[in-house]
Amino acid sequence: MVHALDENIGSLSHRSLKFEELFHETTASLRKLLGVPPEFQIFFLASATEAWERIIENLVDAASFHLVNGAFSRKFYETAVKLGKRVSMHEVEDGKGFYMPGIEVSDEAEIICVVQNETSTGVAVPTHDLYYLKKNNPEKLLVVDMVSSAPYLDIDYEFVDAAFFSVQKGFGLPAGLGVLIVGPKAMARSKALESVRPRGTYHSFATLERYARKNQTPETPNVLGIYLLRHVLEDMVTKGIDTIRKETDEKYVLIRDAVINNPKYHLFTADEDMRSHTVIVLEVEGGSRPLIESLADANIVVGSGYGSHKLNHIRIANFPAHSLENMRSLITRL
Ligand SMILES: *Cc1c(COP(=O)(O)O)cnc(C)c1O
């Protein structure tokens, strides 16, 4: 942030050559870090919530299908309802994962929406299950919310048509920037729909693509956010994505093993294969509030439970910005 002030990023014109370089460098680093193929577009939005809306607007004419197992996947579903689509879903209880062979995707659905890492409950969809869904529904577009699992999540883009995140979770940045990755089939689909009627205004995929080709954005974007993302990405590329993923797994195992035999805590996601490594949710005997307060006294901030779980759960973020030492002091306190 100090460098951003030195470089006058706060007054950088988004039509300048320097901005175009910033856009280009940031998207190039994203491609390198996340393995995004060259034929995929990368767009900057305001948030992941915006990505839900843009995806429904740009990729759905009539009907969408959703996997729902918590608050965020439900909100994605509700976005499609509010935009007037015919919406169907497969829902399981909070804390549970999906059994893919048991899922019947409605015939009319044009897209399948999956929140890969349900931040409200700490349940993750294994990537082989995502690919199973796509292989069994090849004519439908598969859209993946990876807000609280990027950059840890290792996606094979052969099976995914669009994916998105916002920067305040796994990238450890101030909020206010969303990143949307759109594959060629999704681009083609949005253009075909656009020829029938406009798919929104400045953030239709066609408009986003027209500007992205010039390394620009349609509107004045969060230039500072993009600048900060660029530098965090450079750090991550230098460190190496394999190391980041390995460290995330190690910190996860440390926490899991610390609580698994402690009668005070229960891992909310019982199934090891479905348990998120980046958002670890614990049910706390007798309620979570005193624990959250006692951790706060030690300068350790954990999330409360989400929605109806507010008073019973804690949610532990295990992002690249959280060091092994951070996790060790958390475990000592627990
Ligand atoms: C936080 C979160 C969102 C919303 O992100 P915003 O940047 O606040 O719009 C969407 N999906 C998941 C899974 C999240 O964790």
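Two residues are in contact when heavy atoms of theirs lie within 4.5 Å. The model toured here is predicted, with local features requiring pLDDT of at least 70 and side-chain atom pairs pLDDT 80 or more, while totals for chains, interfaces and linings use all residues. Residues are numbered from 1 along each chain as its sequence is written, and side-chain values use heavy atoms, with hydrogens and water left out.

**The whole chain**

Display the protein chain as a cartoon. Its secondary structure comprises 11 helices and 13 strands; helices (H or I, at least four residues) and strands (E, at least two) are DSSP runs numbered from the N terminus. The C-alpha trace spans about 60 × 55 × 30 Å along its principal axes. Of the contacts with a separation of 6 or more, 66% are between residues 24 or more positions apart.

Next, add the surface. The accessible surface of the chain is about 14900 Å², and carbon and sulfur atoms account for 51% of that; such areas come from the Shrake-Rupley method with a 1.4 Å probe, and for residues only the protein chains shown count as cover. Of the 334 residues, 54% count as buried, that is, under 20% relative accessible area (1.4 Å probe, protein chains only).

**The ligand and its shell**

Select the ligand and the residues near it, meaning those with a heavy atom within 4 Å. There are 13 residues around the ligand, and Thr49, Thr119, Asp145, Ser166 and Lys169 come nearest. Helix H3 (residues 48-59) gives the most to this shell, with three residues.

Now show polar contacts, which are pairs of N or O atoms within 3.5 Å; within protein, one must be able to donate a hydrogen and the other to accept it, and residues adjacent in sequence count only if both atoms are side-chain atoms. Oxygen atoms of the ligand lie 2.6 Å from a polar side-chain atom of Thr49 and 2.7 Å from a polar side-chain atom of Ser166. A polar backbone atom of Ala48 is 3.2 Å from an oxygen atom of the ligand. The ligand taken alone exposes 390 Å², of which the protein buries 87%.

**Ser148**

Finally, select Ser148, in the loop between strand E7 (141-145) and strand E8 (162-166). Is Ser148 buried or exposed? Ser148 counts as buried because its relative accessibility is 1%. Its side chain and that of Asn117 are joined by a polar contact of 2.9 Å. Leaving aside neighbours within four places in sequence, Ser148 is in contact with Asn117, Thr119, Lys169, Thr278, Val279 and Phe319.

Technical notes
Buried < 20%, exposed > 50% of the residue type's maximum accessible area, 1.4 Å probe, protein only.
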